[in-house]
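Me: I would like to work through this structure by question and answer. Please begin with the term that is needed to follow how strands are paired.

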Amino acid sequence: MAAAIGLHGAGDGRLVNPVWPHNFPDPHVVQDGDWFYAVATQKDDRGFQILRSKDLARWEELPPIGLVDWAAGNYWAPELYKRNGRWYLLFTALDRADNKRDVAVSVADRPEGPYRFVAKLARGRTVNDNPGDPNGVIDGTLYDEGGRTYLLSIRETPPRSIEIVEVSTDLTRPLGRPKPILFADRPIERGILDAPTLVRHQGRYWLFYSGGWFQSWKRDACYHVGVAVADSLMGPYRKLDKPILETLPGKVYSPGHQCVLRLPSGEWWIGYHAWDAEGEPMYGHNPRGRSFRLDRLQWTPGGPRVLGPSVDPIPAPKLR
């Protein structure tokens, strides 16, 4: 395993946010035995960021991963999955051939790579047979049920939507056409949806998502995490009335691009990025960027509830 090149965290039975106080946008966390791995949007032009931890409170940095020869940048929103003993990196990147963003997958024998490109699961140029799409497809995530695998992603055409399509279990191709299941239709979302995360809990489907501007002035800090619920996988999905994670004025701004983690102990946690209160919540104004944070997620009769964004020390996760 590659040598760690940085370490940060409390390590005294507490978790202190941000758990990684550096720019670490679009985090995704996965557990493998005693280790947790977190991946995030590109580090300069060297690939995706990757951290590892044994307690979720202290993290160490590993060398970047996941560059592919067809991409011209925009290495965004990676997610890691372990399937049949191999590691799959799901990610967004800009195809230099048509200048559109695609959702693709690469494979490796270890979480820290090296990764070999496998396929594109959603393409900006061809999905929905819409060659005029001005942007593409971003923020892919996988959901497994009944021996089938589904890809959820964001269609960038304004106003954005979340789409779902079944893909082959070897992650080499889509099986059919994507179906839109959620739209950016609320004023607070500003026409933007990001980061779908699908969880089945107590027989219902809970679709976490982020919406709004990820960077802005403090007065307009609207990025947040919302949830929609459905009784069947393909919907219809109904949005809950209020966000479950939003700006804490004067302390934490524009929290979002979440991932959800259930621990063997039964605890649920949510990972996300957010800006601190230094400067304005935008690049060029805030020196740390969007730092990596974790908070407890609880299930109530009305759905999920986040105990955050936290700024004071909280009990570290109970792992088992």
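Reply: Two strands pair if DSSP finds at least two bridges between them. The model discussed here is predicted.

Me: In which sense do β7 and strand β8 pair, and over how many bridges?
Reply: Strand β8 covers residues 86-95. One bridge links lysine 82 to its partner in β8, tryptophan 87. The pairing of β7 with β8 is antiparallel, and the number of bridges is 6.

Me: Which residue in the turn between β7 and β8 has a positive phi?
Reply: β7 and β8 form a hairpin, with 2 residues between the strands. The turn residue with a positive phi, of about 55°, is asparagine 84.

Me: Which strands stand at the edges of the sheet that contains β7 and β8?
Reply: This open sheet has 4 strands in the order β7-β8-β9-β10, paired in the antiparallel sense. An edge strand here has a single partner strand, so one of its sides is left without a neighbour in the sheet. From one strand to the next, the twist averages 30°. The strands at the edges are β7 and β10 (116-122).

Me: How many of the 8 residues of strand β7 are buried?
Reply: A residue counts as buried under 20% relative accessible area. Strand β7 spans residues 76-83 and is largely enclosed by the rest of the structure, because most of its residues meet this cut-off. The number of buried residues in β7 is 6 of the 8.

Me: Which strand supplies the largest share of the largest nonpolar core?
Reply: The core has 20 residues, and those touching the most other members are Val29, Phe36, Leu56, Trp59, Phe292 and Leu294. At least two core residues come from each of β4 (35-42), β19 (252-262) and β21 (291-300). The largest share is 3 residues, and the strand that supplies it is β4.

Me: Is aspartate 194 buried or exposed?
Reply: Aspartate 194 lies in strand β15, which runs over residues 193-201. Its relative accessible area is 9%. The cut-off for a buried residue is under 20%, so aspartate 194 is buried.

Me: Which side chain joins that of aspartate 194 in a polar contact of 2.5 Å?
Reply: Beyond four places away in sequence, aspartate 194 touches several residues, including Ile138, Asp139, Ile154 and His257. A polar contact of 2.9 Å links its side chain to that of tyrosine 223. The side chain at 2.5 Å belongs to arginine 160.

Me: Which residue of β18 is the bridge partner of alanine 228?
Reply: β15 and β18 belong to an open sheet of 4 strands with antiparallel pairing, in the order β15-β16-β17-β18. At its edges stand β15 and β18 (238-239), each with a single partner strand. Strand β17 (residues 224-230) is joined to β18 by 2 bridges, and these strands run antiparallel. The partner of alanine 228 in β18 is lysine 239.

Me: How many disulfides does a search of the whole structure find?
Reply: A disulfide is a covalent bond between the sulfur atoms of two cysteines. Cysteine 222 is buried at 8% relative accessibility, and cysteine 259 is buried at 4%. The number of disulfides found in the whole structure is 0.

Methods. Residues numbered from 1 in each chain as written. Predicted model: local features only at pLDDT ≥ 70, side-chain atom pairs only at ≥ 80, totals over all residues. Heavy atoms only, no water. Buried < 20%, exposed > 50% of the residue type's maximum accessible area, 1.4 Å probe, protein only. Core = buried A, V, L, I, M, F, W, Y, C linked by side-chain atoms within 4.5 Å. Polar contact = N/O pair within 3.5 Å; in protein donor to acceptor, adjacent residues only side chain to side chain. Contact = heavy atoms within 4.5 Å. Disulfide = S-S within 2.5 Å. Axes fitted to C-alpha atoms, helices over the stretch in contact; angles between N-to-C directions.
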